[in-house]
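Please work through the exercises below with the sequence and the structure at hand. Each task is followed by a solution in steps.

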Amino acid sequence: MAVDITLLFKASVKTVKTRNKAMGVVFDLPKDEIFKKSRPNNGFSLKAKEVISNITKLKDFLLQHRKDYVNAGSLISSDLTRMTDNERDQIDQDAQIFMRTCSEAIKQLRSEAEKRVISTQIKEHRGAVLDLIEMYLKGVCKLYSEQRAIRVKRVFEQENQRLVSEMSNLVDEVRQIEGKVVEISRLQEIFAEKVLMQETEIDSIHQLVVGATENVKEGNEDIREAIQNNAGFRVWILFFLVMCSFSLLFLDWYDS
Amino acid sequence: MAASVREKQAAALKRMLNFNTSPLKNTAAEPVWKVLIYDRFGQDIISPLLAVKELRDMGITLHLLLHSDRDPIPDVPAIYFVMPTEENIDRICQDLRNQLYESYYLNFISAISRSKLEDIASAALSANAVTQVTKVFDQYLNFITLEDDMFILCNQNKELISYHAINKPDIMDTEMEAIMDTIVDSLFCFFVTLGAVPIIRCPRGNAAEMVAVKLDKKLRENLRDARNSLFTGDNMGAGQFSFQRPLFVLADRNLDLATPLHHTWTYQALIHDVLDFHLNRVSMDESVGSEASPSGARPKKKNKKSYDLTAADKFWQKHKGSPFPEVAESVQEELDTYRAQEDEVKRLKSIMGLEGEDEGPISSISMSDNTAKLTSAVSSLPELLEKKRLIDLHTNVATAVLDHIKSRKLDVYFEYEEKLMSKSTLEKSLLDIISDPDAGTPEDKMRLFLIFYITALQPPSETDLDQYKKALLETGCDLSSLNYIKQWKAFTKIAATPSNYGNSGVKPMGQSVVINYLVRKNRVFKVFFFQNLPVTRILDNLMEMKSNPETDDYRYFDPKMLRGSESSTPRNKNPFQEAIVFVVGGGNYIEYQNLVDYTKAKPGKRVLYGCSELFNAGQFIKQVGGPPALGVRPKWQPITHIVHYYPMWPWSKVVH
């Protein structure tokens, strides 16, 4: 097992210091060296750390809201904690935008690192650092996509539920309709029977009516004839009378 | 101690890389970037444990060697992981003066001395950078873990503690002291990381004993110092639940010289033997393509390819100890499963493609089924690709090994050596194999002969020996190593404790093998069952508290006891559940594999294997036959008391 001898080292430092003081050796630290210490390549690592802190923020945000996000439809959740779908979509969008910006920032850093080539080792180091950041980002994206997968699964499940309930409703309705249709068919049978019975009667009535119509027609004809005969008869009677009167008149004249 | 030492070391490294606080489990934590500076020791420690990708994931943007040109990168914290040597300290002071980084976290692989700490303090003062030195740690990680249960001491400067360095005749006291200090320091770091105080057993009268004495002393000192003891507190947390302490067996390489020379048949050991294999990395030449060059004969360009064989490679973990034919089959099986999965994915792809065009026949396939299959196919794609890569890797490696085996007829050597070591009847005479022109390189023949020489109950007669020597010289072997082995064998015969070789009824060496022949696919596969190598045997005796003349004389050290004792009677009568075997002078994968097999047969026991360095047979022969004269040495001064260091030279006479 490893033994921590840092304390021992610090003790040695003290020993050496006292020894140096005793021997009069002074370590002269030129002042400008202290200022030189400000490293010229600060930019890269600061930016890299910034990207990492951003990704961490995203991760914390996702984890924080994970419970609410995933809790889509639990029976005991109160209205306060439940998220609407809108909020979820919002979170999705935000997360995606964020991830895109992060990966772009990484790419930018990478191209910058390529340009400001100082030495192969530093280049390799930076490349590896960026790879690590990318892997971290991928890990966080995985978190996000897992969440999303759960959510999508949930959405589908909800839809499934909905469809199931719809279908079951339909099934009920269909059954009702079926019952009704059966009744209707029964009634219709009865009607058909009755109708058939009535058909024969109607036929006979029809026949009678047809006969009656004929009779009436003939009667009409006869009456017309009779009227005509009547009218002719009247004419002949008139003529006869007129003739008789004339004959009377003639006879009267003759006799005179 | 449920976590293996590798996991513990990796955890310690990760903690260090996280500014010595526990790493958070939260994956979406803010990235903090840092720069890692290491020296070669640190590099060797880190590279088998953490890949570059893991370093990147932990926020390390740059990893650089300490003694390279480094540009100032302001506003970045730097983590140093170095050994506290003079030059490293100087370089650190220089860095402080040049204001390279924003803050400095200094981690020393092993403990730093007070004076060096003051050097850094004064440099920090002069550069007015004391506040920048944020933390200083002693990591106590001065060892390299290669596998879950195997470690070596170091890779850099391993010549300093090699077999040759320990056993050369003209070694001086000071050199020996230095070597022992290095070894003990690493072992101490190992036990600190493991978090347990072991019970030490070692043989008498050789380098291993010296190491044991020093290690015991160091552990005891540390335990006495109640304020700063490294073995109390959190790191003992896990250890305290296991009621037993582990057993630490120190062995010396001189106990068994045949195993490093042995030709082997298991995958990992073969790779180490035949290819260039260091720190879990294989490098081999790969001939690129076979384009016929239009203009004359141009040699095929050879690329050097290197592969990492890591703990994540499941195929490797499963098969690194399997015999080679099994490996070849398994690669084939893996390839088939991979192809099946690939076809499945292709089929899905075509179904997806079809669905847009023709609704009719596909309507039977439900939509949800397809999406599920598709998601599973997509998510399994990276796995498939990884599998393909591993299969390619193992195919290449296995092919290279197979080429070597075929060209050098290594299976013949393996069989023959097995028979030699188990004293079964030999079918071919040794001379035949040696004079066979296309069986193996001269080195292989030398190895075979040396094993024959070592395992022979009686040394061959002079005429025989001359005959062999002639044959060997004809094939171009270098006989310098033979002299050393002769002397070693003579010495072990004289000064040997009775159980060493030959005289007792116990089987003298090693691997007695039952060889069965299996004919499969027109190739003869040999199936064999292992028995124990000497090191494993010793471990078995000590762990199970068996009484055996070989190990009864071993010394017993318990750093937790108030008074050290010279006795060799163990206080504890129960068998041990955990053991660590350490071979001073070098080890190899064959022993490691043998220990792993032994552990597999005993559930509930854990064995760790360590050695001061890893060498394969070729390297060992070079060390043993090397130019600095390993010849007969003038009489060594008799040593008065045993605590003074007295390694086991084969040629020095023991003055009783």
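The exercises that follow concern a predicted model.

**Exercise 1. The sheet of chain B**

Task: Determine in what order the strands of the open sheet in chain B are arranged, and which strands stand at the edges.

Solution. Step 1: The sheet is open and has 7 strands, arranged as S6-S7-S17-S16-S9-S8-S15, with mixed pairing. Step 2: Strands S6 (144-147) and S15 (555-557) of chain B each have a single partner strand, so one side of each lacks a neighbour in the sheet, and these two stand at the edges. Step 3: From one strand to the next, the twist averages 20°. Step 4: Next to the S6 edge, strand S7 (residues 150-152) runs parallel to strand S17 (residues 606-611) of chain B, with 3 bridges between them. Within this pairing, Ile152(B) has Cys611(B) as its bridge partner.

**Exercise 2. Strand S16**

Task: Establish how many residues of strand S16 of chain B are buried, and which strands pair with S16(B).

Solution. Step 1: A residue counts as buried when its relative accessible area is under 20%. Step 2: In S16 (residues 578-584) of chain B, 7 of the 7 residues are buried, so the strand is largely enclosed by the rest of the structure. Step 3: In a regular strand, side chains alternate between the two faces of the sheet. Accordingly, Glu578(B), Ile580(B), Phe582(B) and Val584(B) point one way, while Ala579(B), Val581(B) and Val583(B) point the other way. Step 4: Strand S9 (residues 247-252) of chain B pairs with S16(B) in the parallel sense over 6 bridges, and Leu250(B) is bridged to Phe582(B). Step 5: S16(B) also pairs with S17(B), in the parallel sense and over 6 bridges; here Val583(B) has Cys611(B) as its bridge partner.

**Exercise 3. A charged residue inside chain B**

Task: Describe the surroundings of Lys489(B), and state which side chain of opposite charge is nearest.

Solution. Step 1: Lys489(B) lies in helix H19 (residues 480-495) of chain B. Step 2: The residue is buried and forms no salt bridge. Step 3: The nearest side chain of opposite charge is that of Asp256(B), 11 Å away, whereas a salt bridge requires the atoms to be within 4 Å. Step 4: Leaving aside residues up to four places away in sequence, Lys489(B) touches Tyr453(B), Ile454(B), Thr455(B) and Ala456(B).

**Exercise 4. Between chain A and chain B**

Task: Characterise the interface of the two chains, and state how many salt bridges cross it.

Solution. Step 1: Chain A contributes 39 residues to the contact and chain B contributes 48 residues. Step 2: About 3,900 Å² is buried between the chains, and carbon and sulfur atoms give 66% of this area. Step 3: The interface has 3 salt bridges. One of them joins Glu124(A) and Arg56(B), whose closest N and O atoms are 4.0 Å apart. This pair runs from helix H5 (residues 120-255) of chain A to helix H3 (residues 52-57) of chain B. Step 4: Glu124(A) is partly exposed at 44% relative accessibility, and Arg56(B) is partly exposed at 29%.

**Exercise 5. Salt bridges along helix H5**

Task: Explain why Arg162(A) and Glu166(A) are separated by about one helical turn.

Solution. Step 1: Arg162(A) and Glu166(A) are 4 residues apart in helix H5 of chain A, which means a separation of about one helical turn. Step 2: Their salt bridge has closest N and O atoms 3.6 Å apart. Step 3: Asp172(A) and Arg175(A), 3 residues apart in helix H5 of chain A, are likewise separated by about one helical turn, and their side chains meet in a salt bridge of 3.8 Å, N to O.

Methods:
Residues are numbered from 1 along each chain as its sequence is written. Chains are lettered from A and ligands numbered from 1 in the order in which they are written. This is a predicted model: local features need pLDDT of at least 70, side-chain atom pairs count only at pLDDT 80 or more; totals for chains, interfaces and linings use all residues. Side-chain values use heavy atoms; hydrogens and water are left out. Two strands pair if DSSP finds at least two bridges between them. Axes are lines fitted to C-alpha atoms, for helices over the stretch in contact, and angles run from 0 to 180 degrees between N-to-C directions. Buried means under 20% relative accessible area, exposed over 50%, partly exposed in between (1.4 Å probe, protein chains only). Lys and Arg count as positive and Asp and Glu as negative; His and the chain ends are not counted. Contact means heavy atoms within 4.5 Å. Buried area is the accessible area (1.4 Å probe) that two parts lose on being put together, summed over both.
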